[in-house]
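Had a look through the model you sent over. My notes are below, point by point, mostly on how the chains meet.

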4 protein chains.
Amino acid sequence: MKSLNVGIIGYQFMGKAHSNAWLQAPKFFDMNVKPVLKVACGRRAEPLQAFADNWGWEEIETDWKKVVARDDIDIIDIAVPQHLHYEIALAAAKAGKHIFLEKPMAMTLEQARKMAAAANESGVTHYLNHNYRRCPAVRLARKLIDDGKIGDIYHWRGAYLQDWITDPDFPLTWHLQADKAGSGPHGDLNSHSVDLARYLVGDIAKVTAMTTRFIDERPLPDANAATFKGGSSGAGMGKVTVEDASFMTVMFENGALGSFEASRFATGRKNYNFFEIYGSKGSLIFNLERMNELQYFSKDDPDYAQGFRTILATEPVHDYIANWWPPGHVIGYEHEFVHAVVDFMDAIDSGKSISPDFNDGVKEMEILDAALESAASGRTVTL
Amino acid sequence: MKSLNVGIIGYQFMGKAHSNAWLQAPKFFDMNVKPVLKVACGRRAEPLQAFADNWGWEEIETDWKKVVARDDIDIIDIAVPQHLHYEIALAAAKAGKHIFLEKPMAMTLEQARKMAAAANESGVTHYLNHNYRRCPAVRLARKLIDDGKIGDIYHWRGAYLQDWITDPDFPLTWHLQADKAGSGPHGDLNSHSVDLARYLVGDIAKVTAMTTRFIDERPLPDANAATFKGGSSGAGMGKVTVEDASFMTVMFENGALGSFEASRFATGRKNYNFFEIYGSKGSLIFNLERMNELQYFSKDDPDYAQGFRTILATEPVHDYIANWWPPGHVIGYEHEFVHAVVDFMDAIDSGKSISPDFNDGVKEMEILDAALESAASGRTVTL
Amino acid sequence: MKSLNVGIIGYQFMGKAHSNAWLQAPKFFDMNVKPVLKVACGRRAEPLQAFADNWGWEEIETDWKKVVARDDIDIIDIAVPQHLHYEIALAAAKAGKHIFLEKPMAMTLEQARKMAAAANESGVTHYLNHNYRRCPAVRLARKLIDDGKIGDIYHWRGAYLQDWITDPDFPLTWHLQADKAGSGPHGDLNSHSVDLARYLVGDIAKVTAMTTRFIDERPLPDANAATFKGGSSGAGMGKVTVEDASFMTVMFENGALGSFEASRFATGRKNYNFFEIYGSKGSLIFNLERMNELQYFSKDDPDYAQGFRTILATEPVHDYIANWWPPGHVIGYEHEFVHAVVDFMDAIDSGKSISPDFNDGVKEMEILDAALESAASGRTVTL
Amino acid sequence: MKSLNVGIIGYQFMGKAHSNAWLQAPKFFDMNVKPVLKVACGRRAEPLQAFADNWGWEEIETDWKKVVARDDIDIIDIAVPQHLHYEIALAAAKAGKHIFLEKPMAMTLEQARKMAAAANESGVTHYLNHNYRRCPAVRLARKLIDDGKIGDIYHWRGAYLQDWITDPDFPLTWHLQADKAGSGPHGDLNSHSVDLARYLVGDIAKVTAMTTRFIDERPLPDANAATFKGGSSGAGMGKVTVEDASFMTVMFENGALGSFEASRFATGRKNYNFFEIYGSKGSLIFNLERMNELQYFSKDDPDYAQGFRTILATEPVHDYIANWWPPGHVIGYEHEFVHAVVDFMDAIDSGKSISPDFNDGVKEMEILDAALESAASGRTVTL
């Protein structure tokens, strides 16, 4: 049995999701190459050790450069906040490590291009973790498109809506500071939607956008809070420097007219990653809050019996499902990460690329950047 | 019992919908002033007579100017295609007739402004028939907003999607010719959505838009076809001169960020007039294909029991419903026209204005025009 | 143009629904024979006259026997409470009048059998108004079954749920008194479901049932209340003598196993006439609160794309729809009555029977009676 | 850190689900006592070893009696087919082992009673794994009931519908043989529903039932097939000896009227564990295929804004959720098993009982047995 050693950088939310995936993947899937949870890396040794013990990482290390430098590490899993991606990914690529990178890719398009260049040059397997591509219902959407069941695509209507910062007392966490997060829901949420649209519809030719902010100042956060929602420090207010919502209209290269609407102020929506695709032969609807389902309308149905059917994508014929449970036994959020690990390890083994990779990340950032440029200038931007 | 005499101009689809409304209104509602179906007007006497006989119009007349000139006519109902609205409305206003005008209002903003000026000056009651404002579920949306249940509005997400021309063999009917229809779904569908948005959210400050056309040429239509979908003439192809889809992004005056997406190429959507409204205290969802329902999310609910509730707006407490059937007995499309007639007659009786009126129509056309300007220039247009 | 004169007995809720149907039918449908609203009959002249004026009934009459005796009356429309059906229907049949009878058919099976015998013998057209058979979505269900799309039927799961008497202060109206209403939801609601099941699945071989009552005493009603929900008289309490809920399990003659669940205590359900049909090739779901929709699952779909599709039964290919509005423009509750009038007049004209007729009513009552017998005895009853 | 050693008997589907749960529980939840995956037991050493290696069971053993006899084993996890439960559970109880028992409990009520007696007498913690009690949305249903939000319960409408044996060529697996499976969907599916009903509504006073079989003979199965759906042996046909569907009507002790409908012939339903609860103050709807959601209707809402709200039970306030992912990030089927392990270990630690335990299993079997007696006799059976 072949195996490869993984070093993970980061041990917060994404550290947890990734660790679980490295662990679960070989238990549920037949893998040619298995991941070994070798070393976990973070700046504070104590919580890091607890994290490593919990998930079975064999060792800990507080300096990520040492992890990257180790000869026995084959894979670097980058699960830290976005502003740290660039330096680590560049070093990992140069060290010849395969890279499993959490999104968003980087702080700037310039960074992203350098990361992609380095990864391409080194010949490593590089993956940008837009996990939703590996949701079985999304894969089914892609299959129906590939099989010609949707025909020519006329429209993409994407939305990614949440509501976790509608409370004005929600503190000024790093997500709301441009120097740490790059942008708000535009980078955080639209990036996911753009990735899905590129996966399902294709590349984008031009874009126009508007962004806005509803709350300009928020309480400074309590640095010692257990969670990022942990409340204010009592030390006054600070300026929010990212947008609260971002709406884009785009023309795809294939002529489809589309929209992307991301907001953290959509009261009642928790993780509503939604899209509709309309084509000449059929249409599709997906909503991540019901991630086991795909809606599909087919003009091939008899004229008296057409309608959107709700496919429960939990049959053995659906991607990944045969390795989980029987039909109708739904899977959840973290399963997509498991699927990503399975496919990533398979890509390393086969020497083929995996999508989305860093080059996809660059294209996605070009679109997101063009949208911000449009929002600032009030003009449509051609890509 | 007071009554007023109605003269209707037009006897096609809208002639049917309006006639039914004039007839049904006093049967189901207590009205201070009842409409009398006095005269029906159209250019071809024979089908017009059959129409009049069917709906109980007392007389027929083939020259609309004679109808407008009659002293015994109190109300002019304009139910002809859009390019005829201007001349008739202007004459009716000058003649001091109350006007019940089917949408879209006019071919140009210039026309609309003149129509509004004439109607305002004459002091008649004027109404632009955006029927969806009188759907009980939409009225409930307005009530919830007025009662403060939604709070500050952050987002409007409107769509009006149909699919009746996805077939390339669908003929080049007047709907697809700019000189007859003005525009495509932008004027036909976005106009409804803009009216609803103005009713529920408020006025719009700036707009950016993209439009597109998927099919540039279509078979010339058979002029003798029984229905407008009646097939081609076999005489070759003609150029489509309106857009097939129009997507707008807008900033409302109150700061809400919104979108409007209209298309006749949304395979599977038949009359999908849809909107979502997100606010600081709650949210709303409406879909005309389920027009008896309104979805409502309230942050006032206990944190463990929040969710979008589906209100079946068929209770006696809901507007208009007490006059129809018991709870759970749904109403349909034409009921909205009946409600419009009831409110229109009441406006005449009380001397109050009714919304939307011609002034609303002007505001709506300003927005639609600005959007087309944006689509053409690639720039955001401020209103 | 042929026409037939109608005499209607009853002018309350059903008088309104029927009058509207007689009026609307020839306006929207091409009919060989048109109904003439000749005479309206009720016991109190004053409200009756108002009713007749509103709906256009030419004359009024306070003695139903005189109506039945008139030579110029062709059709008797029986729209009075159930306990009056027997005598009127018998007289009408003997007088050779066609009969349009509102359900439930009669107070007892014995009555129903005599009514059917009289109607059969006289050779008149007789119709029992289970209006839901003429909902386009229900007709589509029947078509799919007839076309073999559902295959052998394994299950019927019917429910008819309302909640209008959950309040203990709701007064003891006639609906809650066995001598006036016969039974509670068993006769009122299960009768509809049994009719639909007989229409869609077939006859029933055996039945077992349980019924119950949640509230035994209620305030005596105010006889002068404007509506039947008008409140109590303040004169004390009276005994409820019908059941509040009735659940049946049945075996159909074709081997399908089914259930019927009727209740007036299903909080949140307003007019939830619901059924599911499961077959060897496909399945169907219908809910009257969304009466324009039918859900359909087909095993003929590819294995990776199976799911319940929601058909919006508003296309021209769907029964009755071409006479109303374009696709996606939904119809409402009263449209079913219009369809019933159209089909009833056509049956008279063609000399064919219409379903459900009085013979169907007898079969339906046999089933309902058997269920009550089972509920009383605790034993399965074979039909 | 305290820990307890687990011995698992069985390594098929439920062995997989249980192993995953033992493994995941301490990684996501803070547990006072952690499970150690000590020994896995099955009859065939080779696949057993692979199973143990995959899930991290330290040792294997092919004789379950030796596992039960080991002093270092604290917990026996019984994950074998139903006909083996009795002997193992009895031995485990006598040996003083805590027991985690997969449902259905036993082949007969007699067995179940002896198992419960033995477990009670020994004082061990015993748990019958009706996993759906630990779905967060189901827990929320219980909370709403406990908090009085539903009021007096009028109705339970339960259904558990699947469609995996509608194909006549589906082979005669052990599930279809009475001597191995006890019964068909009655024991397999109705047992789950009865457990949920007892959890949410209460105990049952009387029951009437009908069962049926649609396919009497099926191909003999291929004993060497990789999966139980692996196809026929080609050796001819055998008799199906369990029912294909079972419908029950019940009266609860608290007066609620209810139904239970289980079938493996509900085409289109995969794992449709569904219930509706109607009460004097509110109502609830749950569907396992959308297990992260609970629908709730409240009469406390304003009369114009009542409706079933869809609660996405993925908020930190919902049971178990804070240990998984952020709001809107749904969980899946296996998470319920993890929750069961967490609660089971906590019960052992605290010395409190856990529900459902063996005594609940006895009550549940009494109901299921009474239903079969009713189906056979055609009489209502009082419990």
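1. Start at the axis: among the residues of chain B, B:R379 comes closest to the rotation axis, with its C-alpha at 2.2 Å. Keep in mind that this is a predicted model, where local features need pLDDT of at least 70, side-chain atom pairs count only at pLDDT 80 or more, and totals for chains, interfaces and linings use all residues. Residues are numbered from 1 along each chain as its sequence is written, while chains are lettered from A and ligands numbered from 1 in the order in which they are written.

2. What puts chain B on top of chain A? A rotation of 180° with 0.0 Å of shift along its axis does it, at an RMSD of 0.0 Å (least squares on the C-alpha atoms of residues with pLDDT of at least 70 in both copies). The two copies are thus related as by a two-fold rotation axis. Both use the same surface, too: 100% of the contact residues of chain B recur in chain A.

3. On the A/B contact itself, 32 residues of chain B touch 32 residues of chain A (contact means C-beta atoms, placed from the backbone, within 7 Å). On the chain B side, β7 (153–161), β8 (204–212), β11 (245–252), β12 (257–263), β13 (272–279) and β14 (282–287) each supply at least two residues. Strands here are DSSP runs of E, at least two residues, numbered from the N terminus.

4. Now chains C and D: 32 residues from chain D meet 32 residues from chain C. Among the strands of chain D that each give at least two residues to this side are β7 (153–161) and β14 (282–287).

Technical notes. Contact = placed C-beta atoms within 7 Å. Helix = DSSP H or I, 4+ residues; strand = E, 2+ residues; numbered from the N terminus.
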